[in-house]
Amino acid sequence: MTNATVISANRLSLTFETNDGPVHALKDVSLDIDKGEFVSFIGPSGCGKTTFLRCMADLEHPTSGEITVNGVSAEEARRMRAYGYVFQAAGLYPWRTIGGNVRLPLEIMGYEKPDMDARVDRVLDLVELSGFERKYPWQLSGGMQQRASIARALAFDADILLMDEPFGALDEIVRDHLNEQLLNLWARTEKTIAFVTHSIPEAVYLSTKIVVMSPRPGRITDVIESPLPRDRPLDIRDTPEFLEVAHRVREGLRAGHIDD
Ligand SMILES: Nc1ncnc2c1ncn2[C@@H]1O[C@H](COP(=O)(O)OP(=O)(O)OP(=O)(O)O)[C@@H](O)[C@H]1O
């Protein structure tokens with residue numbers, strides 16, 4: 001752990017007790033995420049990706065080991081609103097406008113109206129939804145709804161963005177576009193991002209670090225520091241460097257399956 005470490009997990013384990021016996025969702029998971037990193041978690045269903053993210057967010061409590069966020073416990077970090085969380089489904093309230101949805105956490109936190117208005121404008125601009133503030137979620141495409149949910153997670157200036165398969169339900173073209181926009185947003189805001197995905201190209205395209213996980217018990221099998229530059233046009237996916245990283249991720253996933 002260094003001064004720049006934002007999230008630090010040290011031998012984190014979490015076992016769910018179920019009617020069918022214990023489920024080892026995470027076992028001895030250790031990982032440091034530094035400020036400004038874009039870290040993707042990839043692995044087959046059930047390898048603990050969501051559970052790990054939920055531990056960072058203090059939505060799940062480890063059975064053993066430690067996790068710190070911004071140098072304090074996950075619980076303290078949650079109280080300090082250290083992170084915004086984006087789920088697979090956009091989860092927008094249908095009876096609220098896009099602006100009203102983005103404003104909701106700010107209302108709950110008691111922001112003053114002029115500050116709220118300025119923030120809503122700023123984050124809608126960041127996700128390229130300026131002009132859609134008065135629309136209702138059903139008037140927007142799936143990709144736009146997901147961008148609105150990212151805006152909502154950004155509205156209160158958390159330095160950390162936790163994203164659980166935010167683009168999993170979208171078609172590939174839309175997903176490509178959102179990937180590009182997310183990189184752009186990350187570059188402009190210097191957030192630290194933890195991102196769960198099932199897609200190898202998505203993980204390689206977005207990340208500075210790729211964490212490969214494997215199930216039963218959920219564990220980390222490889223951590224790949226990306227050699228790709230931070231500035232990434234979509235066609236970087238055709239370069240030998242990109243394909244090499246993708247190959248290593250694929251090998252990691254395969255190895256995890258073999259000793260399953
Ligand atoms: N609340 C819970 N109670 C019991 N078991 C749980 C609970 N939450 C998760 N699990 C189990 O823990 C394991 C890890 O689940 P988790 O959702 O973290 O995996 P994942 O890698 O995110 O999977 P997916 O890619 O399908 O979302 C799975 O076996 C899951 O069934």
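Hi everyone, let's start with the record: the unreviewed UniProt entry lists residues 7-236 as "domain: ABC transporter". What I have on screen is a predicted model, so please keep that in mind as we go. In this model the span 7-236 is 34% helix and 29% strand, and its end C-alpha atoms lie 29 Å apart.

Let's begin with the strands at the N-terminal end. Strand β1, residues 5-18, pairs with strand β2, residues 21-34, in the antiparallel sense, and 10 bridges hold that pairing. A hairpin of 2 residues connects β1 to β2. If you want landmarks to click on, Thr5 has Asp34 of β2 as its bridge partner, and Leu14 sits opposite Leu26 in β2. These two strands belong to an open sheet of 4 strands, ordered β2-β1-β4-β5, with antiparallel pairing. Its edges are β2 and β5, the latter at residues 72-73, and each of them pairs on one side only.

Now to the ligand. Which residues come nearest to the ligand? Of the 13 around it, those are Phe16, Ala25, Ser45, Thr50 and Thr51. Two or more residues of this shell come from each of β1, β2 and α1, the helix at 49-56. The largest share belongs to α1, with 3 residues. By character, the shell has 8 polar residues, 4 nonpolar and 1 charged.

Let's stay with α1 for a moment. This helix is mostly covered, with 7 of its 8 residues buried. They are Lys49, Thr50, Thr51, Phe52, Leu53, Cys55 and Met56. So Thr50 and Thr51 are buried, and they are also among the residues that come nearest to the ligand. After α1 comes Asp58, with a positive phi near 65 degrees.

Next, another helix: α5, residues 142-154. Its 13 residues reach 19 Å from first C-alpha to last, close to the 18 Å expected at 1.5 Å a residue. Why do we call α5 largely enclosed? Because 11 of its 13 residues are buried in the rest of the structure. The buried ones run from Met144, Gln145, Gln146, Arg147, Ala148 and Ser149 on to Ile150, Ala151, Arg152, Ala153 and Leu154. And what does the covering? Among the elements over those buried residues are β6 (83-86), α3 (98-109), α4 (113-126), β7 (160-164) and α6 (172-189).

Two of those neighbours are strands, so let me show you those. β6 and β7 run parallel and are joined by 4 bridges. Gly84, for example, has Leu161 in β7 as its bridge partner. β6 is covered on both faces: Tyr83 and Tyr85 are buried on one side, Gly84 and Val86 on the other.

Over to α3. Its buried residues are Ile98, Gly99, Asn101, Val102, Arg103 and Leu106, and their cover includes α4 and α5. Just after α3, Gly110 has a positive phi of about 80 degrees.

One residue I'd like you to look at is Phe167, in the loop between β7 and α6. Is Phe167 buried or exposed? It counts as buried because 25 other C-beta atoms lie within 10 Å, where 20 or more is the cut-off. Leaving aside residues up to four places away in sequence, Phe167 touches Gln146, Arg175 and Leu178. Its C-alpha lies 9.1 Å from that of Phe87, although the two are 80 residues apart along the chain.

Last, some backbone details. Most residues other than glycine have a negative phi, and most peptide bonds are trans. With that in mind, Arg81 has a positive phi of about 55 degrees and is not a glycine. You'll find Arg81 in the loop between α2 (74-79) and β6, and it counts as partly exposed because it has 13 C-beta neighbours inside 10 Å. Glu190 is another residue other than glycine with a positive phi, near 55 degrees. Glu190 sits in the loop between α6 and β8 (192-197), and it counts as exposed because it has 9 C-beta neighbours inside 10 Å.

And where is Pro217? It lies in the loop between β9 (209-214) and β10 (219-225). The peptide bond leading to Pro217 from Arg216 is cis, with omega near -5 degrees.

That's my tour, thanks for listening!

Note on methods: Residues numbered from 1 in each chain as written. Predicted model: local features only at pLDDT ≥ 70, side-chain atom pairs only at ≥ 80, totals over all residues. Expected span 1.5 Å × (residues − 1). Buried ≥ 20, exposed ≤ 12 C-beta atoms within 10 Å, placed from the backbone. Contact = placed C-beta atoms within 7 Å. Pairing = 2+ DSSP bridges. Near = placed C-beta within 6 Å. Nonpolar A, V, L, I, M, F, W, Y, C, P; charged D, E, K, R; others polar. UniProt positions renumbered as here; feature names shortened; annotations may be inferred.
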